[in-house]
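Trainee: Let us go through this structure together, one question at a time. I will ask, and you reason it out.

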Amino acid sequence: MKTSMATCLSAIVLLTNFQLMAATQVEVQWQDPEKYRDVRPTSESRKRFRESTFKKLDTYLQELSSKLPEGSKLLMTVTDLDLAGQVWPASFTGLGHGSSDIRVIKEVDIPRMTFNYQLMSDSGEILQGADVDLKDMSFLSRTSHRFRSDTLGYEKNMLKRWFDKEFSEQITQKAMEKGISEADS
């Protein structure tokens with residue numbers, strides 16, 4: 001009995017994950033990341049930090065895309081990323097003489113991201129696209145509680161604000177369709 005219950009739960013989880021992945025795809029290309037303004041680590045290798053940062057942002061964009069119509073595809077090419085704050089040696093900030101660095105967050109060191117995107121329909125038609133120079137000059141005053149303990153909270157909050165504004169029509173359309181289909185059930 002326990003085995004069949006575990007198998008059933010595993011199947012439900014796999015089906016749910018498959019449905020989320022099939023709903024909307026996001027493909028992010030990080031173009032020439034070595035040239036980005038600031039994706040500097042504080043205590044790990046640059047390459048590992050960069051890969052981890054990109055993976056976290058990819059995952060977050062996939063989460064955001066679940067609001068878009070099913071079958072659509074979001075293609076993004078990121079050409080620059082500048083994380084909030086600046087990395088300084090700990091000794092420069094009066095926090096010791098260790099070898100690790102720290103990221104100091106100040107109002108003048110805003111998060112920025114430059115990219116282009118295309119939102120494609122399930123038939124391959126381009127529904128929307130643009131070149132985007134995203135920045136959040138008020139990032140310290142509008143941090144969401146959701147992102148407070150997140151290492152990329154400022155950047156995720158900036159992306160969420162852009163995403164919700166940029167795709168408001170599609171988000172509203174999907175919500176209305178979902179409401180209609182639930183009412184028919």
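What follows is a set of questions and answers on this predicted model.

Trainee: What is the mean pLDDT of the protein chain?
Mentor: This is a predicted model, so confidence comes up early. Of the residues, 75% reach a pLDDT of 70 or more. The mean pLDDT of the protein chain is 81.

Trainee: Over which residues is the pLDDT below 50?
Mentor: Where pLDDT is low, the predicted coordinates should not be read in detail. The stretch concerned has two contacts in the model beyond near neighbours in sequence. It covers residues 5-22.

Trainee: How many aromatic pairs are there, and which type do F115 and W162 form?
Mentor: The count comes to nine aromatic pairs. For F115 and W162, the ring centres are 5.0 Å apart and the planes make an angle of 85°. The cut-off for this class is over 60 degrees. The pair is edge-to-face.

Trainee: How many residues apart in the chain are F115 and W162?
Mentor: F115 sits in strand β5, residues 112-120. W162 sits in helix α3, residues 153-166. The pair links distant parts of the chain, 47 residues apart.

Trainee: Are F115 and W162 buried or exposed? And which cluster do ring pairs build?
Mentor: Both F115 and W162 are buried. Ring pairs also bring in other residues. The cluster is F115, Y117, W162, F163 and F167.

Trainee: What span does α3 reach from its first C-alpha to its last?
Mentor: α3 has 14 residues. At 1.5 Å a residue, the expected span is 20 Å. The model comes close to that, with a reach of 20 Å.

Trainee: Which residues of α3 are buried?
Mentor: Buried means under 20% relative accessible area. W162, from the aromatic pair, meets that. The buried residues in α3 are G153, E155, K156, N157, M158, L159, W162 and F163.

Trainee: How many salt bridges does the structure hold, and what is the N to O distance between D80 and R37?
Mentor: The structure holds five salt bridges. D80 and R37 meet through their side chains in a salt bridge. The N to O distance is 2.8 Å.

Trainee: Why does the pair of D80 and R37 tie together parts that are 43 residues apart in sequence?
Mentor: D80 counts as buried because its relative accessibility is 13%. R37 is at 47%, so it counts as partly exposed. The tie follows because D80 lies in strand β2 and R37 in the loop between β1 (24-30) and α2 (46-65).

Trainee: What is the nearest side chain of opposite charge to D82?
Mentor: D82 is in strand β2, residues 72-82. Beyond four places in sequence, its contacts are R37, D38, I110, P111 and R112. D82 is buried yet has no salt bridge. The nearest side chain of opposite charge, 4.1 Å away, is R112.

Trainee: How many residues apart are K67 and D164?
Mentor: Their side chains meet in a salt bridge, 2.7 Å from N to O. K67 is in the loop between α2 and β2, and D164 is in helix α3. These are distant parts of the chain, 97 residues apart.

Trainee: Are K67 and D164 buried, exposed or partly exposed?
Mentor: The relative accessible area of K67 is 28%, so K67 is partly exposed. For D164 the figure is 25%. D164 is therefore also partly exposed.

Trainee: Which residue forms a salt bridge with K156, and which residues make up the network?
Mentor: K156 counts as buried, at 11% relative accessibility. Its partner is D150, with the closest N and O atoms 2.8 Å apart. D150 is partly exposed, at 25%. Salt bridges that share partners form one network of K67, K160 and D164.

Trainee: Beyond four places in sequence, which residues is R46 in contact with?
Mentor: R46 lies in helix α2. It is partly exposed, with a relative accessible area of 49%. The C-alpha atoms of R46 and E34 are separated by 9.3 Å. The contacts of R46 are R40 and P41.

Trainee: What is the phi of D32 near?
Mentor: D32 lies in the loop between β1 and α2. It counts as partly exposed, at 40% relative accessibility. Its phi is positive, in a residue other than glycine, and is near 45°.

Methods
Residues are numbered from 1 along each chain as its sequence is written. This is a predicted model: local features need pLDDT of at least 70, side-chain atom pairs count only at pLDDT 80 or more; totals for chains, interfaces and linings use all residues. Side-chain values use heavy atoms; hydrogens and water are left out. pLDDT is the predictor's confidence in each residue, from 0 to 100. Contact means heavy atoms within 4.5 Å. Rings of Phe, Tyr and Trp (its six-membered ring) pair if their centres lie within 6.5 Å; planes under 30 degrees apart count as stacked, over 60 as edge-to-face and the rest as tilted. Helices (H or I, at least four residues) and strands (E, at least two) are DSSP runs, numbered from the N terminus. Buried means under 20% relative accessible area, exposed over 50%, partly exposed in between (1.4 Å probe, protein chains only). The expected span of a helix is 1.5 Å times one less than its number of residues. Lys and Arg count as positive and Asp and Glu as negative; His and the chain ends are not counted. A salt bridge is a side-chain nitrogen of Lys or Arg within 4 Å of a carboxyl oxygen of Asp or Glu.
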